[in-house]
Amino acid sequence: QKPNIITLATEEYGRGIDFKVFDSRLEQNGLHIELTYFPSTAAEEIQIKGRTARQGQYGSFHITLNKRSIIDTYKFKEDELQKAIDNGKVYDFLHEIRTKIFADKYEKTQKFVKTIKPSHIRSETLADALRNNDINTAKPILLSFNKGTNIAAKCKLSLILDATGSMYRCIEQTKNAISQALPKLVTFLKEKKLDANSFQIQIIAYRNY
């Protein structure tokens, strides 16, 4: 980096990138990082902060947030934020909220992992069977994984997802929601004596460049 130069970068540059200061006039101050959003985890924030003041060099870090944007993102009331501002504890307020959100997501992910564990075990069995040319074991597993509906679906649901890299959190949440909802839906249909294979879900992913 050189004097009077501003580099705009996305969050992907907050990890594993070493921004070097080449002008000797900047050695006493170093590189300054101005973050314009509040990271969803403290770990992500630490990584971004670590792009400056590396290996004993000087540097600085600051967060600038848009009030309306942060309220829309973290879903709290404006007077709650104002109270934190008046008390000089904005960072602590936001950090507590994101920590709770992360804990909730972690719990949901753990439940999702528990749900798909049987499928994971079958996938491992399939992989071993394919490596050992065990067709008798592999064939029924492949057929079960690729089984379609037995009758014409009475209900078809199409989900269109923006698969751009920056949308990965939304994609992950959608995947978890669908995986948790499907078993409940199948159970509901069976309880109502309806054919559990009478619906189809189509997921369409696109990249908005």
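1. Start with glutamate 78. Its relative accessible area is 39%, so this residue is partly exposed. This is a predicted model, and the points below should be read that way. Glutamate 78 makes a salt bridge with arginine 68; their closest N and O atoms are 3.3 Å apart. That pair connects distant parts of the chain. Arginine 68 sits in helix α2, glutamate 78 sits in helix α3 (residues 78–86), and ten residues separate them.

2. Arginine 68 has a further partner. Its side chain also meets that of aspartate 72 in a salt bridge, at 3.8 Å from N to O. Here both residues belong to helix α2 (residues 67–74). They are four residues apart, about one turn of the helix. How exposed are the two? Arginine 68 is partly exposed, with a relative accessible area of 44%. Aspartate 72 is partly exposed as well, at 40% relative accessibility.

3. Now look at the end of helix α4. Aspartate 128 and arginine 131 form a salt bridge of 2.4 Å, N to O. The two lie three residues apart in helix α4 (residues 90–131), so about one helical turn separates them. Aspartate 128 is partly exposed, at 38% relative accessibility. Arginine 131 counts as exposed, because its relative accessibility of 61% is over the 50% cut-off. Elsewhere, Lys67, Arg68, Asp72 and Glu78 are joined into one network by salt bridges that share partners. Across the whole structure, a search finds nine salt bridges. As background, side chains of opposite charge can pair when their charged atoms come close.

4. Next, the nonpolar interior. The largest nonpolar core has ten residues. They are Phe38, Ile70, Ile71, Tyr74, Phe76, Leu81, Ala84, Phe93, Leu94 and Ile97. Which elements give two or more residues to this core? Helices α2, α3 and α4 do. A second core, separate from this one, has five residues, including Phe19, Ile33, Leu35 and Ile48. In soluble globular proteins, nonpolar side chains tend to be buried together.

5. Tyrosine 74 deserves a look of its own. It belongs to the largest nonpolar core. Set aside its neighbours within four places in sequence, and tyrosine 74 is in contact with Phe38, Pro39, Ser40, Ile97, Arg98 and Ile101. Of these contacts, Phe38 and Ile97 are also members of that core.

6. Helix α6 covers residues 168–191, which is 24 residues. From its first C-alpha to its last, α6 reaches 35 Å. That is close to the 34 Å expected at 1.5 Å a residue. Which residues of α6 are buried? They are Thr174, Asn176, Ile178 and Leu189. Their cover includes α4, β3 (155–162) and β4 (199–206). Just after α6, lysine 193 takes a positive phi of about 60°.

7. Check two loop residues for their backbone angles. Alanine 53 has a phi near 55°, a positive value in a residue other than glycine. It lies in the loop between α1 (42–49) and β2 (59–63). Its relative accessibility is 43%, so alanine 53 counts as partly exposed. Asparagine 133 also has a positive phi, near 55°, and it too is a residue other than glycine. Its place is in the loop between α4 and α5 (135–145). At 64% relative accessibility, asparagine 133 counts as exposed.

8. Finally, the chain as a whole. Its secondary structure comes to six helices and four strands. Read along the sequence, they follow the pattern β-α-β-α-α-α-α-β-α-β. The radius of gyration is 25 Å, well over the 17 Å that the globule rule gives for 209 residues, so the chain is more spread out than a compact globule. Along its principal axes, the C-alpha trace spans about 70 × 50 × 30 Å.

9. Burial and contacts round out the picture. Buried residues make up 19% of the 209 residues in the chain. About 15800 Å² of the chain is exposed, and carbon and sulfur atoms supply 55% of that area. Among contacts with a separation of 6 or more, 60% come from residues 24 or more positions apart.

Technical notes:
Residues are numbered from 1 along each chain as its sequence is written. This is a predicted model: local features need pLDDT of at least 70, side-chain atom pairs count only at pLDDT 80 or more; totals for chains, interfaces and linings use all residues. Side-chain values use heavy atoms; hydrogens and water are left out. A salt bridge is a side-chain nitrogen of Lys or Arg within 4 Å of a carboxyl oxygen of Asp or Glu. Buried means under 20% relative accessible area, exposed over 50%, partly exposed in between (1.4 Å probe, protein chains only). The expected span of a helix is 1.5 Å times one less than its number of residues. Contact means heavy atoms within 4.5 Å. A nonpolar core is a set of buried Ala, Val, Leu, Ile, Met, Phe, Trp, Tyr and Cys residues joined through side-chain atoms within 4.5 Å. The radius of gyration is taken over C-alpha atoms; the globule rule is 2.2 Å times the number of residues to the power 0.38. Accessible areas come from the Shrake-Rupley method with a 1.4 Å probe; for residues, only the protein chains shown count as cover.
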